[in-house]
Structures are given as structure tokens and as C-alpha cells.
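This report looks at aromatic ring contacts and at some unusual backbone geometry. Please keep the sequence and the structure open while reading.

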Amino acid sequence: PALASLSHNACEPRGSVILPANFTLRHFATVYNSPINPNYFTLYLIRTTNSLQLKANMEKQHQAYKWRLPELNEDADKRRLRIYNSFTRNKQLFQSNGRRAITWYCCGPTVYDVAHLGHARCYITFDIIRRIMVDYFGYRVFYVMNITDIDDKIIKRARSNYLCDKFINETVSTQSLDRDLLAQFIDNFKARRAGEQDKDKRVMIDQIIENSRIALKELNATNLKQILERLRDVIADEQDTKLAHTVNDHQIFKDLATKFEQEYHEDMRKLDVLPPSALTRVSEYIEETGAFIAKLEQNGFAYRSGGSIYFDTEKFDSDEKHSYAKLVREAFGQKKDLNEGEGELSSSQLDKKQSPNDFALWKKSKIGEPSWQTQDFEPGRPGWHIECSVMASELIGENIDIHSGGHDLRFPHHDNEIAQAEAYYNTGKDWVNYFIHSGHLTISGCKMSKSLKNFITIRQALQDYSSRQLRFAFLAHGWTETLDYSTNTMNTALSYEKTFNEFFLNFSDTLRRHGEVQYKKWSAEDHKLNQQFIGTINKVDAALCDNFDTRTTLNVLSGLVKECNKRNEFDIKLNQDIVDYIRNILSVFGANFDEIFAPKTVDNVGHDAMKYVEALASFRASVREICKSNDPSIKQLLCLCDDLRNRTLPELGVRLEDRESGDTPYVVKFVDQKILARERALAEKLNEEKRLKEATQKLELIKLQQQREEKAKIPPSEMFKNDKYSEFDADGIPTHDASGKLISKSARKKLEKLYAEQEIRFNKYKESINRANQ
């Protein structure tokens with residue numbers, strides 16, 4: 001009776017039930033502590049057995065399906081970042097020891113003069129790579145850069161400028177015009193550089209001498225200051241040679257470095273180069289430099305000589321834990337590069353080194369040179385190479401993920417940097433994991449160098465092009481390659497910018513016309529475009545993983561833009577996704593087009609401004625349709641329409657484009673007024689060039705026609721009477737050449753043909769004269 005409900009409750013399966021082989025009804029009754037009806041028990045076993053079988057089948061089916069990790073396609077290996085590493089001179093897989101935060105040290109400028117395009121090549125290049133690392137690959141980059149504000153170049157420039165200015169001011173104030181003295185300055189300048197072997201420097205020296213002599217001939221009392229400024233190179237050289245020892249004010253050197261550091265930072269801001277995470281100056285790390293050098297002495301890799309301290313390259317290279325010149329081993333021992341690395345003011349100290357390959361860690365200052373005191377060293381200053389080793393180690397430590405600099409710094413500067421740091425830590429481990437160097441920059445195929453006075457400053461370049469256009473020039477070239485700054489290079493950059501700019505402007509106009517995005521069923525063309533979009537994403541990813549290949553990326557993005565431009569009808573949301581993706585990639589590169597999507601013109605006056613522009617554009621479109629008739633009396637209206645489009649609206653920041661096909665007769669684009677002014681100036685320049693070319697061609701045609709007319713006036717019997725021939729037949733055709741040799745039959749036939757052609761021309765000429773006289 002207690003099991004009255006067994007037919008319902010007890011017969012339901014209760015999880016996994018395992019019955020022993022000898023299980024009987026008595027066992028069951030014992031479990032439930034009550035007798036049981038055999039019929040109920042039979043029913044229970046049947047239902048339980050069926051339920052267990054069903055569960056077993058379900059478990060079997062579940063075990064039959066096993067989720068698998070999606071297989072990688074054959075291009076998967078291309079999705080891993082590879083960087084050109086100067087250590088191996090090849091592309092290497094980038095590994096950051098599993099960390100998402102990486103360290104990067106970049107050699108900054110030596111601030112003794114204005115920044116030029118060579119600096120832009122270096123710092124824009126690394127800015128692009130840094131942005132890609134952060135905004136595309138998702139790394140957190142601790143980016144440290146130094147300012148070299150203590151250096152032989154700074155000392156020499158500041159001192160010579162000070163002495164030159166002093167000489168010029170005193171000469172002008174006293175009006176002491178001494179031609180012979182200035183001529184002697186020029187001769188001395190030439191004599192001091194008589195042994196220069198470098199061809200490029202030789203050309204520069206000769207040019208300075210020639211220009212100075214020309215300026216001296218033009219010297220008079222009324223233009224004294226102007227001419228003295230033109231003679232600045234030779235005056236500064238003369239004064240520094242004779243009076244360098246008289247300059248002992250530290251502020252003179254500090255002021256020059258501060259001035260050009262400020263200008264450098266301003267130039268970088270104009271180029272949209274991101275500021276570093278941390279900035280170091282050599283003058284702020286004197287004590288740390290002293291401690292670093294002392295540790296090198298303690299480790300046995302430095303020695304003192306003549307009041308200075310030098311790095312022992314042979315001792316370092318012979319140590320089993322170390323190797324010198326890891327970047328450019330073949331340059332080991334190149335005297336010219338090593339001496340240049342020591343600095344212009346250190347040439348007299350080269351004999352103090354134990355080996356020509358050694359380099360200065362601490363330089364004892366001479367009279368007329370700034371000096372600092374640290375440790376037990378002689379008053380002096382840090383060597384060029386030690387500066388970066390110290391500051392990078394102070395902020396980053398004994399291992400740096402990425403170290404960067406210009407290609408010309410590989411040896412001896414960067415090789416010496418590495419040697420110093422690895423000698424300091426003395427662990428046998430690499431101080432730098434990846435060393436990257438930007439390519440050279442040339443100007444129309446010629447080497448650019450500040451020391452050769454052959455350079456274009458960043459400020460000069462920004463007068464001709466925008467920072468975005470300069471960035472496109474760098475994006476369009478491999479970052480390790482030589483970039484030639486020329487008209488062709490910049491035309492390519494302008495073409496890329498225009499491609500994306502017009503694409504964004506056109507979509508902005510389309511979006512404005514349609515309002516909010518309306519979802520609709522995709523057409524076959526939409527599906528095709530979406531597949532091309534997906535393919536573009538994969539190609540861009542592969543390109544950026546392949547050593548930050550921005551050139552391929554631009555080409556792939558441009559190809560997608562062209563595919564979009566081919567279509568008159570498209571899904572707006574799909575097109576917006578494409579626009580957003582391209583904008584994002586270009587923004588990663590630092591090439592922003594935000595002004596198109598947030599135009600200041602509209603923001604300032606409100607959206608009502610668009611209503612007036614639309615009304616004006618619509619009115620103009622109607623007028624143009626009327627003007628397309630053949631009635632000459634209304635053609636002036638067409639000129640007024642063109643003037644409105646080409647001059648009036650651009651001055652208001654509006655570009656109006658006519659469309660001859662499709663439902664939209666015009667497109668309105670809000671564009672920065674400076675860009676439109678530049679476009680108009682360029683268009684006017686091209687039109688003027690075209691006009692001049694056409695005028696030149698017309699003049700050439702007139703000249704050619706006049707020559708033909710003059711030639712037609714010559715009787716055929718007289719046409720060969722020149723010094724090429726000596727004898728003629730009765731008609732005036734040559735029979736013998738100038739040497740008396742008989743004319744060959746083939747040559748005779750050619751002459752007869754020319755005679756016949758001239759006879760026709762001459763006869764036509766006579767006929768025209770006769771008609772004119774009638």
C-alpha cells in the first residue's frame with residue numbers, strides 16, 4: 001500500500017541507474033522497505049530500461065560531435081607582424097616576450113640648426129610605425145626620445161655665431177671698411193680646407209668661396225651690413241679660429257640649443273608627429289652619465305688618457321660575452337667615420353686613444369668650450385655616443401624592444417651605443433631586440449645634408465605642401481628605402497590625397513541627401529562589393545604585418561575606392577562601412593580627413609546654411625540647362641555660372657561640382673578655404689602653362705610656315721648652290737661633291753627628287769604672286 005504511487009513516481013528514471021546482475025524483487029522491496037506488486041515492478045523495469053537506452057543514445061550522439069578549432073588558411077603566417085631588423089638586415093618576426101606594452105627609444109635631433117626634410121623623413125616614418133603599433137596592433141608603446149643639447153656642433157655653431165655677430169656689429173658701427181682684411185678671411189678659409197677629400201664638401205667649399213668673392217666685389221659703404229651677412233661663413237670661420245678661447249659664457253651655448261629645440265618641437269607639431277612619452281636632454285643627465293662611465297671603468301672597458309676617458313673597443317670585442325659593431329661589422333676600423341663620430345672639436349685629441357677604433361666617453365674641455373664636473377673626472381662634457389646609452393638605460397633599463405634612428409647613424413653611433421650599454425650591464429644579453437633605421441632622403445636625386453648646405457627646411461616644405469601631403473609622400477614609399485623629394489614624388493602624394501578626399505566628400509554629400517541610413521535588400525552588386533571589401537581588409541592586414549607596408553596598403557585602399565566609384569547605385573550602409581574603415585586606416589597612419597565629416601563652415605552657421613547653398617546650387621543648375629542651348633545671347637550667363645563655381649563659392653569654403661549624368665546635377669562639398677585656394681592656384685598655373693604651350697606651338701607653326709614660304713621662293717636651280725657641291729648640270733643639279741668626286745647614281749636620284757619637289761613649291765609660289773598682281 002505504501003507504494004500505491006509507484007506506477008507514477010517510482011517508475012520515472014532517477015538519473016543514471018546501474019542494476020547489479022543478481023538484482024531481484026526482494027532487493028527492490030528492501031530498498032523501499034515494503035512489499036511490491038510484481039506487475040508494477042515489471043512496468044518500472046520496462047520504463048526505466050527504455051529511458052536509460054534513450055539517454056545512452058543521446059550521450060552517444062553527443063560524443064559523436066566534437067567541436068574543432070577552425071583550421072588556419074595557408075596565408076595565416078602572413079598575419080604575424082614582421083619587422084626589418086638592422087641586426088639581421090632582414091624581416092624578422094616581432095616578439096615582445098608576450099607583453100602588450102613595449103619599450104622604444106628613438107635618437108632625437110642635435111639642436112644646432114633648423115630641422116629639415118631629412119629630420120621629417122626620420123620622425124614622420126617612426127611616427128607612422130608607432131601609430132600602427134598602437135592603433136592597429138594594439139600595443140602600448142613607451143616611446144622615449146632624446147634631445148642632444150651638448151655636442152661639438154652646438155659648441156662650434158654657437159661660438160662662431162656669437163663672434164661673427166660681434167665682428168659685424170662692430171664693423172658696421174665704426175664703418176671700418178677693410179677690403180683687404182675680408183679678402184684675407186676668404187683666403188684663410190680656403191687654405192684651412194685645402195686637404196678636404198670629400199667631393200660633395202669640396203663643391204660646397206668652392207661655392208662658398210666663389211659667392212664670398214662676388215659679394216666682396218659689391219661691397220661699399222651703403223651696403224656694408226648686407227654684404228657682411230653674405231660673408232658670414234668666412235667671417236665666422238676666421239673669428240672662431242682666432243678668438244674661440246675668449247668665449248666662456250655657458251649661456252651662449254644654452255641659448256642656441258634652446259632656440260632650435262623649440263623650433264624643432266614646433267615643426268613636429270605642424271607635421272602632426274605625436275610627442276614622445278618621455279623626453280630627455282643630455283644636459284639633464286650629467287651625473288647619471290658620470291656614474292655610467294665609472295661603472296664602465298669598474299668593468300674594465302674604459303681607460304683615461306690626456307684628461308679624457310675612452311671606451312676600449314678591442315677589450316670589449318675580445319670578451320667572450322660581447323661583440324663590437326653588431327650593426328655594421330664591415331665598418332669596424334673605418335677611420336673617416338670614426339673620426340667624424342668623435343666630433344669637429346676633438347680632432348686634436350685623437351692621438352690620446354690606445355686604438356683608432358676607441359671613442360670618447362668623456363671629453364676634457366679646452367678653453368672656449370663649456371664644461372661640467374662629475375665624479376673625479378676632469379672638467380669636460382659627455383661624448384656623443386654615451387649620451388643615448390645613459391638616457392635610454394635610465395628610463396627603460398637593460399633591454400629595449402625597439403631602438404630607432406636615421407640610416408646614417410648605424411655606425412659608429414648606434415654600434416657604440418650598443419657596446420657601451422652591454423659593457424655596462426655586462427650580462428652577455430642583447431641590449432636592443434630590434435634596431436630599425438629609416439631610409440635616406442634625396443632632393444631631386446641629389447644627396448641632402450645640412451653640413452653640405454644642401455637641404456630644404458621643414459618650414460620651407462610646408463609653404464608648398466600641407467603636412468598631410470608630406471605624410472602621404474612618406475606613406476607611398478617603403479620606410480627603409482631612399483625617398484627622393486621631387487615634383488614626381490609630391491604629385492603621387494597629391495594624387496593619393498585627392499583620391500581619398502574626393503571619395504569622402506562624395507559620400508558626405510550622398511549621406512546628406514539621403515538623411516538617415518535606410519536598410520534594404522542587397523543587390524548582386526552589393527554582395528560583390530562586400531566581398532571586395534572583405535578582401536581589402538585581409539590584404540591591408542597582410543601588408544601591415546609585412547614590415548608596415550603602407551605603400552601596398554594605399555594601393556589596396558585606392559583600388560576599393562575605385563570599385564565604389566564605379567557604382568551609381570549601392571547600399572548606403574555598406575558604403576558607410578567602407579568609408580569608416582578607410583578613414584580609420586588613414587587615421588592610424590596620421591592622415592586624418594576629419595574636416596570633411598565635421599566641416600567648420602556648417603558648424604559655425606548652423607545647418608540652415610546648407611538650405612541656402614542648396615537653393616543657390618539648384619538655381620545655378622537650372623540656369624546652366626537653359627544656357628546649353630545654341631542661343632549666343634545668353635552665353636554670358638554660363639560664364640557667370642562658372643565664375644560662381646570657380647571663384648565665389650571657393651572663397652566661402654564650398655566646392656560645387658557639376659554632374660552631366662545621373663539624377664543629381666551637382667554635388668556640394670565643404671572644403672577648407674586654404675585647400676580650395678591652393679587648388680585654384682594650381683589650376684590657374686596649369687591653365688597658364690597650357691596657354692603658354694599652345695602659344696609656343698602656334699609660334700613654332702608660324703615660324704615653320706614662314707620657313708616653308710622662304711624656301712618656296714628659291715628657284716630649284718639655285719637650291720643646291722652651297723659648299724657641299726662643286727659642279728652642276730644645266731638644271732642646277734649637282735654632279736660632283738665639294739672634293740670633286742662624282743655623285744653616285746643613288747645620290748643623284750635623291751637630289752633629282754628633291755629638285756622636283758622644290759620645282760613644285762616654286763611654281764606654286766610664282767602662281768600666287770601672279771594672282772596677287774592681277
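Does Q375 count as buried, partly exposed or exposed, and at what relative accessibility? In this predicted model, Q375 counts as partly exposed because its relative accessibility is 43%. The residue is placed in the loop between β8 and β9 (380-382), and Q375 has a positive phi of about 50° although it is not a glycine. Most residues other than glycine have a negative phi, and most peptide bonds are trans.

F548 also has a positive phi, near 55°, and is likewise a residue other than glycine. F548 belongs to the loop between α18 (524-545) and α19 (550-565), and its relative accessibility of 3% lies under 20%, so F548 counts as buried. A further backbone feature is the cis peptide bond that joins F411 and P412, with omega about 5°; P412 is found in helix α14 (residues 410-425).

Turning to the rings, a search of the whole structure finds 25 aromatic pairs. One of them is formed by F311 and F359, whose rings are stacked, with 5.1 Å from centre to centre and 15° between the planes. This pair links distant parts of the chain, since F311 lies in strand β7 (residues 308-311) and F359 in strand β8 (residues 359-364), 48 residues apart. F311 has 0% relative accessibility and therefore counts as buried, and F359, at 2% relative accessibility, counts as buried too.

Why is the pair of F762 and Y765 described as tilted? The ring centres of F762 and Y765 are 6.4 Å apart and the planes stand at 35°, which is neither under 30 degrees, as stacked would require, nor over 60, as edge-to-face would require, so the pair is tilted. Both residues lie in helix α26 (residues 745-773), three residues apart, which is about one turn of the helix. F762 counts as buried because its relative accessibility is 14%, whereas Y765, at 26% relative accessibility, counts as partly exposed.

Ring pairs also link F472, F500, F503, F504, F593 and F597 into a cluster. One member of this cluster, F593, has the charged end of R468 over its ring. The table sets this contact beside another of the kind, in which the charged end of R100 sits over the ring of Y139.

| Charged end | Ring | Distance from ring centre |
|---|---|---|
| R100 | Y139 | 4.2 Å |
| R468 | F593 | 4.0 Å |

Terms used: Residues are numbered from 1 along each chain as its sequence is written. This is a predicted model: local features need pLDDT of at least 70, side-chain atom pairs count only at pLDDT 80 or more; totals for chains, interfaces and linings use all residues. Side-chain values use heavy atoms; hydrogens and water are left out. Rings of Phe, Tyr and Trp (its six-membered ring) pair if their centres lie within 6.5 Å; planes under 30 degrees apart count as stacked, over 60 as edge-to-face and the rest as tilted. Helices (H or I, at least four residues) and strands (E, at least two) are DSSP runs, numbered from the N terminus. Buried means under 20% relative accessible area, exposed over 50%, partly exposed in between (1.4 Å probe, protein chains only). A charge sits over a ring if NZ of Lys or CZ of Arg is within 6 Å of the ring centre and within 35 degrees of the ring normal.
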